[in-house]
Amino acid sequence: MRVRTLSLASSLNLDCEWVCEEGTSPDLTDVRFSDIVPELRSGGPRSRALSGLRLYRHQWEAVQALEKGLNVILVSGTGSGKTEAWVLYSLANGKKVLVLYPTLALSADQIVRIEDYYSSLGKGKAVVKVDRPTLGSFKTDAVRSRLLKAEVVITNPAFLMADLKRVAESVGKSYLAGFLREVDMVVIDELDFYGSRGASLLVAMLEIVASYLTVRKPQVVILTATLGNPSELASIISDITLRRTKVISGRPFKIRNCTYVVLGRSIERVRKEVFRAIKEYGIPDRELEEVVKDPRLFARNAFVVIEYLRRKGIRVALPYFDPAELISRYVNDDVVTVVFTPSIRAAEGLARRLRELCSNKALIATHHHLVPKKVRDVIEEAARATPPKVKIIVTVRTLLQGIDIGNIGRIVHYGLPLEVREFMQREGRKGRRRELSETETVIIPITSWDKAVASRGVEGVNEYSRIPLEKVYVVRNNKYSALFKSLFKAVLGAELSRDEIELLKTLNLVEKPGTLIGGVIKLSRHGIDVWNKLGFYEYGPPYGVRRALIGDREKELEPASRRDQVEKYQPGAIDVAEEAIVVSSNRKVIEEVSLKVLNSVIDNYRFLSDALESYESFKVRWGEKRDFISDVIRGKVSSYIKLRVYVPREGFGEYYEVPYSVRWVVESRSRVKLLNLNGTLIPRYEEGVIDLDVSTFGVYRDFTYGMVIEVDPATNVEDLKVGSAALRLILRQSPRYAISFRELEVGVDPLMMPLPRIVVWEPEASAVMEVISWLDVYEESLKLAREPPKLWFPLLKLVDRDAAAIVAMKELKWGDVAALAGKLAKLLSRSEELSLGSVKVLLERPSRALKVMAVELLVIEHRDSSLFVLAWFNGDDLNAYVTESSGLPKDLVKVFEGLLREVIDGELTLVTSSKDRLRKLAYTRTLAWLMEKLEVSRQLVNPYEELKRMCGVDLLNVSRISQELGIELPRAAFTAGRAREEARVYAERLSRLTYRLYQVYIRLRNMGVCPKLR
């Protein structure tokens, strides 16, 4: 029997908003899986179930591309059969495949499916899993023997990176080298899981495998739900493998789904009580009265309004309900319900309450990394049974990826995740079988963030889910990836390029920095230390810091990374997941005290007793009940660690962060003021701040991208803080960038000495700063100022609580906040204002992020031969190729073809004044086709002609414009004996001038004006 949440809500007097959406299905082909691999019909249960199905269009396109020897980047949502696409090709062609999953434990279900498919061909033992935990089960020689015989080796990136380091030091230490020598294909699954830094490192490892370990260049398959720059990644993969790369998009199968936002219990009764109270006490608040008059608006803001009235001394009932009352009824459903919670502690607590309400406790299970793997396997199989033997699974993140339980028909979000990508991954767990007629999404708000979204009902959830998915960026010249490759080559004893040696020299990692012509170099002690500490997930020793929880008895927790120790586990920090407080943090162990036993040990920690006294003084001042544990759980007491961050002043370099203070923020339960910010009712609770008297520990070091800009001392620091937070919000909301809050930090230096400083950095080196055009962000801020994001204030509070407090205190509107972000973006662009006649033009400094390539060709005739100079400028790098020949030089044509492919693959605009001369280089069919493709797609532009056409002039005064732009062209007369060098300088400067003139043209076109350019 199917259970409907709408009926349950009605029977429990719960108020909720809901909406249903019809399902969608990917395009199907007429090709069935058994048409390609007939043996699937007689395989295991999964193989047989798959054999009769028709392929989705994107699956068939992937198989066809792989059959042609191409690489494939398959961008498609969760549950769209991405795994089956490459497995089908591999099975049919007997390929040796290396498969990379984030972790084997979390991808166990996908691995079981792969093993089942290979078993249908009698090759079950040809699939081998290897990572650090599995090594303990076999002797080293046995592991290597199994790997040599394998057809499919499945591992994780951390193990691969460690093994590549073993290869560099001594190939005999490697486990994977023998298999990789013969590998035909490398599959990287769930690329978006790793973030931009991890994805870039994966590509660097792929290049090392293809360049130093394999006999032949392997095919590459990349599977991901979202990708910021698929064309650029395709170009990079093609360069590594010397194969074309095809980007294929797909969509998952979805059935009809109904979304419910649960707002509370008996809200209409409470509304009437509130309305009577307002009239009785005569509260003169027009906005409050408008909210209470509207039943729908009141339902969304009930908790805010009631807490506001309680501050006024008016006591009315809360529309509270026990979420377990609703969730426990789902045990009567035919389908499985998965409940996602924000922490393990919350998952265990909710599961205990559910078991209290259910007679058959075996129908309820918890699933997280502290539950033994074998127990999790049992739970998954019980959920797959028909009918399911487990009906409700309470989890945190372990069911997000890699596990396919076809019986899941409902997802309960017990609190919303901060990232839309995680929300979509949760949603992708359900509705994977066509026989399910309908699925459900149930949202139960539990935090201020959830309630802010729920205050707009289903519309708020839709607004949240429509925020662009956080993108993953793989940037061609990511110097973090280059650092790993350079260190690998140095340790291996291979020859490094000049750029690689220059990078290592700049970072002080080379013992002999004078060798800058390329070649074999020797690392310094610092270089060896960096090599040893460079890891896939973080920089530092390959082991964590022990964590111990002091409760009724001491309990071992999951070790913390060195970075987390610095950022999250300082004395006094509140660990919400464990409902504990850190009391000690040092090199060997992090000790935490459970909130349950806090009173019994408080005298042992002076800083805690002082902090709790301060907490109690706030509660007394506000006239509120003192309940520290409850306030922590409800988010009314939170902690954060202040860090001093030292970043590169410009570009890539060493980065480290030092904790210097731990602060508690205590938020009142009742002292609240209602603010109407752009039509959204926002509660502003009174807050108290407690700086703890603790000694912090540790330093975290790494390498990353950064930028530091000093501003004048008269600048309002509060404006800088608000602008910094809003800038990150705009970059997150922008469809063009969709940069995760985790990828980029923009802040104000806390030292503020001697001048205020804006600090921009990447917490993990993704090179996303190389992609951002700050002038474009400035223009986007102007557009967004007119169209405020509906959830801007709660998102701003997530980004920076202090900045949100300033906004609330000053009652700033979104337009004011966006303007502050725009000013900061304009400052970061370091744009320069040029005067062209009466028109002032704002130009951003050249950068690869602008996606423009200026190419110029000079041909200087001699008696017997000609001098050819091809120069190109991409905003960062200026290059020239000079050659002399009596005919058209083939090597020059090859260089030009490479430039054209880079422009097309990277979706760049090629700008030139030499269009006719460049056409003469394109004498082959391929080059002619590439040039034609650029012209048709308007990626080939002559800015000189465009400016003349736009401004209606016959001639441009290039001398004047070049002088204004600060690019003086040398005289076009070439001296005998120096012609090559003089021509090279002329062509390089001309390419820079063309690049800048294109910027002028675009800015004038956007402004809709034309100065006098004669």
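Helix faces, helix packing and loops

Me: Which helices and strands are included in what covers the buried residues of helix 36?
Reply: In this predicted model, the residues in question are Leu 927, Leu 930, Met 931 and Leu 934, each of which is buried in helix 36. The elements that cover them include helix 34 (890–905), strand 33 (909–911), helix 35 (915–921) and strand 34 (940–941).

Me: Where around helix 36 do its buried residues lie, on the same side or on opposite sides?
Reply: The residues to place are Leu 927, Leu 930, Met 931 and Leu 934, which are buried in helix 36. Because an α-helix has 3.6 residues a turn, residues three or four places apart point the same way. The buried residues of helix 36 cover an arc of only 95° around the axis, which puts them on the same side.

Me: Which exposed residues does the face of helix 36 turned away from its buried side carry?
Reply: The buried side of helix 36 is the one with Leu 927, Leu 930, Met 931 and Leu 934. For a residue to be called exposed, its relative accessible area has to be over 50%. On the face turned away from that buried side, the exposed residues are Arg 925 and Val 936.

Me: How many Å apart are the end C-alpha atoms of helix 36?
Reply: Helix 36 runs over residues 925–936, and its 12 residues, taken at 1.5 Å a residue, should span 16 Å. The end C-alpha atoms agree with that expectation, since their distance in the model is 16 Å.

Me: What arc do the buried residues of helix 34 fall within, seen down its axis?
Reply: In helix 34, the residues Leu 892, Val 893, Phe 896, Leu 899, Leu 900, Val 903 and Ile 904 are buried. They line one face of the helix, because seen down the axis they fall within an arc of 130°.

Me: Which elements are included in what covers the buried residues of helix 34, and which exposed residues are on the face turned away?
Reply: The cover over the buried residues of helix 34 includes strand 30 (852–861), strand 31 (866–873), strand 32 (878–885), strand 33, helix 35 and helix 36. On the face of helix 34 turned away from its buried side, the exposed residues are Lys 890 and Lys 894.

Me: Which residue with a positive phi follows helix 34, and which comes just after helix 36?
Reply: Most residues other than glycine have a negative phi. After helix 34 the chain reaches a residue whose phi is positive, near 55°, and this is Glu 907. Just after helix 36, the residue that takes a positive phi of about 60° is Arg 938.

Me: What is the angle at which helix 29 and helix 32 pack?
Reply: Helix 29 (residues 717–733) and helix 32 (residues 801–810) have their axes 8 Å apart, and helix 29 passes helix 32 in a left-handed crossing. In the contact, Glu 718, Asp 719, Lys 721, Val 722 and Ala 725 meet Ala 803, Ile 806, Val 807, Met 809 and Lys 810. These residues divide into 6 nonpolar, no polar and 4 charged. The packing angle of helix 29 and helix 32 is about 115°.

Me: Is Tyr 1001 buried or exposed?
Reply: Tyr 1001 has its place in helix 39 (residues 979–1007), and, leaving aside residues up to four places away in sequence, it touches Glu 946, Leu 947 and Met 950. A residue counts as buried when its relative accessible area is under 20%. Because the relative accessibility of Tyr 1001 is 7%, this residue counts as buried.

Me: What is the relative accessible area of Arg 353, and which residues does it touch?
Reply: Arg 353, which has its place in helix 17 (residues 344–357), is partly exposed, with a relative accessible area of 30%. Not counting residues up to four places away in sequence, Arg 353 touches Asp 322 and Ala 324.

Me: Where does the peptide bond with omega near -5° lie?
Reply: Most peptide bonds are trans. The bond with omega near -5° is cis and runs from Thr 386 to Pro 387. Pro 387 is in the loop between helix 18 (373–384) and strand 14 (392–395).

How values were computed
Residues numbered from 1 in each chain as written. Predicted model: local features only at pLDDT ≥ 70, side-chain atom pairs only at ≥ 80, totals over all residues. Heavy atoms only, no water. Axes fitted to C-alpha atoms, helices over the stretch in contact; angles between N-to-C directions. Helix = DSSP H or I, 4+ residues; strand = E, 2+ residues; numbered from the N terminus. Left-handed = near helix turned anticlockwise from the far one by under 90°. Contact = heavy atoms within 4.5 Å. Nonpolar A, V, L, I, M, F, W, Y, C, P; charged D, E, K, R; others polar. Expected span 1.5 Å × (residues − 1). Buried < 20%, exposed > 50% of the residue type's maximum accessible area, 1.4 Å probe, protein only. Arc of directions from axis to C-beta.
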